[in-house]
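Subject: Handing over the structure, with notes on its ligands and empty spaces

Dear colleague,

I am passing this structure on to you, and you will find the sequence and the coordinates just below. My notes on the ligands and on the spaces in the protein follow after that.

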Amino acid sequence: MRTNGALQAWVEESARLCRPDRIVWCDGSAEEKDRLTSEALDSGDFRALDQRALPGCYLHRSNPNDVARTEKLTFICSPDKEDAGPTNNWLAPKEAYARLGSIFEGSMRGRTMYVVPFLMGPAGSPFSKVGVEITDSVYVALNMGLMTRMGEVALRQLGGSDDFTRGLHSKADLDENRRFICHFPQDNTIWSVGSGYGGNALLSKKCLALRLASALGRREGWLAEHMLIVGIEDPAGNTTYVCAAFPSACGKTNLAMLVPPASFKGWKVWTVGDDIAWLRPGPDGRLWAINPEAGFFGVAPGTSAKSNPNALAMLERGAIFTNVAETPDGRVWWEGLSDPPVACTDWRGRPWTPASAEPAAHANSRFTVSIKQCPSYSKEWENPQGVPISAIIFGARRAGVVPLVYESFNWDHGVFLGATMASETTAAATGAVGVLRRDPFAMLPFCGYNMGDYFGHWIGMGRRLQRPPRIFRVNWFMRGDDGKFLWPGFGENLRVLRWMIERCNGRGKAVETPIGLLPAPGAIEVGDLPLASGAMDRLLSIDRDGWLAALNTQDEFFGSLGPHLPRELQAEHEGLAQRLHGGPVRSGAR
Ligand code: GTP
Ligand code: SPV
Ligand code: MN
């Protein structure tokens with residue numbers, strides 16, 4: 001198995017630096033999974049849950065200082081600072097290698113070094129990429145086994161090539177002051193040290209499949225996006241594939257495995273991916289998508305039989321839970337799952353009752369599970385060509401201003417809708433929660449190069465598509481005066497998706513407004529939904545003052561990109577300003 005010279009040399013070099021007691025190459029077999037699981041139980045990385053109720057399910061409690069992505073400690077280490085752009089932290093490559101090198105030095109003494117080869121994308125697909133993660137965390141190795149196609153399959157695809165992403169990871173001492181997640185696009189390399197959590201440590205995910213892949217996609221002519229991929233089948237059996245970008249903890253996993261409301265007889269939803277999409281123009285002029293991942297690392301809180309029954313069904317076996325609460329009978333619990341248990345153990349291992357001041361599960365507690373266990377699993381996930389995309393959705397968490405749904409006038413205006421996204425922050429990253437910030441394309445923390453150049457790449461992509469997807473913006477999170485969500489969300493979001501599909505088929509009715517094409521009155525069928533009075537009007541209204549205020553922060557953000565901002569987006573910005581000030585609504589809309 002260890003025949004690749006370049007890989008062998010890099011593993012030896014990493015071992016000389018980190019000095020592990022032993023090196024284990026992961027092959028991805030079931031026998032190996034059992035062995036690693038025993039190791040994780042022995043080391044305390046895993047706690048066994050009740051194996052009769054939840055076979056193969058384990059609980060991991062991370063260090064309380066290490067529960068989310070740390071954006072402040074994440075760097076793009078391109079040779080030229082300008083290439084990282086104003087939205088990324090930057091460190092000079094030499095300095096980054098030196099600083100992290102001194103932390104990696106001897107960091108694996110007394111530990112095992114796991115060598116984890118993994119394949120991103122279907123085996124044999126020309127779009128797939130190989131990575132190898134070296135890690136001293138058995139928890140990471142086991143998660144990678146669920147999140148990626150791990151082991152032999154990756155080495156087979158790699159063959160004798162030295163074209164693979166090199167990801168070096170060590171928990172080191174989990175000291176926040178010695179925690180860095182560094183990306184070297186020019187070397188196809190990631191160095192991550194001092195964290196054992198999620199996107200900081202599972203290097204296939206945000207580090208490879210978004211940050212490095214976005215930079216690679218720019219060079220090779222494709223897109224790496226923070227998007228779910230879902231197929232929606234109508235009662236006649238036609239399936240429409242859509243991609244949707246939402247910031248972290250803003251609804252991708254839920255939308256990807258939505259269960260149609262009872263009134264949608266004959267409709268089916270097929271899950272291709274819940275977090276990351278790699279998109280390329282196909283020979284037919286359409287945009288095609290693959291999901292490079294093989295599992296979900298989903299947000300636990302809020303997941304219930306009502307909100308996401310498919311997720312609950314797939315979490316009954318073979319799942320890893322991170323930072324959730326444990327009930328006295330060895331099951332899991334989190335806020336929003338069900339009525340609280342009378343007593344349980346919180347995510348830190350402390351006794352908890354409903355009277356406790358803090359939540360039982362961490363707000364960013366997660367589950368890891370294979371995509372194959374999802375009841376709505378799409379067999380197209382295996383398709384080496386991916387699926388053709390008819391619509392792209394940009395969504396964010398906004399208490400106001402952004403209506404429930406609208407469509408862009410055309411591709412460039414759609415790119416503008418992605419570029420001007422702003423969203424209230426969530427617990428998926430450390431820092432304040434609920435603060436509105438610009439998060440273009442839901443890629444603010446994940447774009448591996450200059451954001452202005454990234455916008456330009458999107459504009460250019462449209463020129464290469466003879467049959468581009470339609471582009472929409474949505475907001476499931478608008479609140480009424482009482483602070484409650486105006487839209488029921490979850491399964492009911494299919495009502496909004498249906499209008500989009502009708503638009504794609506040239507049937508859905510829309511009205512032109514200064515911001516874009518809104519559903520015509522009644523075009524979104526609400527049936528007997530228990531909506532607050534006037535809710536639909538509010539959900540589909542144009543908050544002119546809100547938009548005028550948004551123009552100012554757009555100006556500021558676009559200004560920060562300097563000469564990297566594509567002139568097409570500057571023109572879209574000016575066009576929106578004119579229309580809001582009473583200029584004619586644009587002609588030439590489709
Ligand atoms: P990441 O894995 O961090 O990228 O998150 P995600 O975008 O996949 O978000 P996810 O689907 O896990 O949802 C995050 C939170 O938003 C959960 O607590 C959900 O219950 C909640 N949520 C998802 N969809 C909706 C919706 O349509 N309406 C409302 N009100 N909440 C939603
Ligand atoms: C996100 O934060 O967008 C996630 C979780 O999907 S993590 O793997 O931590 O990035
Ligand atoms: Mn995500």
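How far is an oxygen atom of ligand 2 from an N or O atom in the side chain of Asp-275? Please bear in mind that this is a predicted model; in it, the distance between these two atoms is 3.4 Å. Arg-69 also reaches ligand 2, with a polar side-chain atom 3.0 Å from one of the ligand's oxygen atoms, and for His-226 the corresponding distance from a polar side-chain atom to an oxygen atom of ligand 2 is 3.3 Å. On its own, ligand 2 exposes 290 Å², of which the protein buries 98%.

The residues that surround ligand 2 include Gly-198, Gly-199, Lys-205, Lys-206, Ser-248, Phe-297, Ala-428 and Phe-446. Helix H7 (198–201) and helix H8 (204–220) each give at least two residues to this shell, and by class the shell is made up of three nonpolar, four polar and five charged residues. At least three of its residues come from domain 1 (5–54 + 69–220), and at least three from domain 2 (225–295 + 378–580).

Arg-366 is listed around ligand 2, and it is also among the residues that come nearest to ligand 1, together with Ala-249, Lys-252, Thr-253 and Asn-254, out of the 22 residues around that ligand. A polar side-chain atom of Arg-366 lies 2.7 Å from an oxygen atom of ligand 1. Thr-253 makes its approach through the backbone, where an N or O atom is 2.8 Å from an oxygen atom of ligand 1, whereas Asn-254 uses an N or O atom of its side chain, again with 2.8 Å to a ligand oxygen. Of the 660 Å² of accessible area that ligand 1 has on its own, the protein covers 92%.

Two elements, helix H9 (252–256) and strand S18 (295–299), give two or more residues to the shell around ligand 1, and the largest share, three residues, comes from H9. This shell divides into 10 nonpolar, eight polar and four charged residues, and it draws at least three residues from each of domain 2 (225–295 + 378–580) and domain 3 (296–371).

Turning to the empty spaces, the second largest pocket holds about 420 Å³, and among the 22 residues that line this pocket, Gly-28, Gly-145, Leu-146, Thr-148 and Met-150 are the closest to its centre. Helix H2 (30–43), helix H5 (138–147), strand S8 (149–150) and helix H6 (152–158) each supply at least two residues of the lining, which by class has nine nonpolar, six polar and seven charged residues.

A search of the whole structure also finds two cavities of 30 Å³ or more. The largest cavity has a volume of about 50 Å³, and helix H11 (residues 411–419) gives the most to its lining, with three residues; the residues that line this cavity include Tyr-406, Arg-473, Trp-547 and Leu-576. Its lining has six nonpolar, two polar and one charged residues. The second largest cavity, with a volume of about 30 Å³, is lined by residues including Val-272, Asn-291, Glu-380 and Trp-381, and its lining divides into five nonpolar, three polar and one charged.

With best wishes

Methods: Residues numbered from 1 in each chain as written. Chains lettered and ligands numbered in written order. Predicted model: local features only at pLDDT ≥ 70, side-chain atom pairs only at ≥ 80, totals over all residues. Heavy atoms only, no water. 1 Å grid on protein atoms, 1.4 Å probe; cavity = no way out; pocket = protein on both sides within 12 Å on 5 of 7 lines; lining within 4 Å. Points joined across faces, edges and corners; volume = space filled by probe spheres on them. Helix = DSSP H or I, 4+ residues; strand = E, 2+ residues; numbered from the N terminus. Nonpolar A, V, L, I, M, F, W, Y, C, P; charged D, E, K, R; others polar. Near = heavy atom within 4 Å. Polar contact = N/O pair within 3.5 Å; in protein donor to acceptor, adjacent residues only side chain to side chain. Areas by Shrake-Rupley, 256 points an atom, 1.4 Å probe, with all protein chains shown as cover. Domains from an automatic or database assignment.
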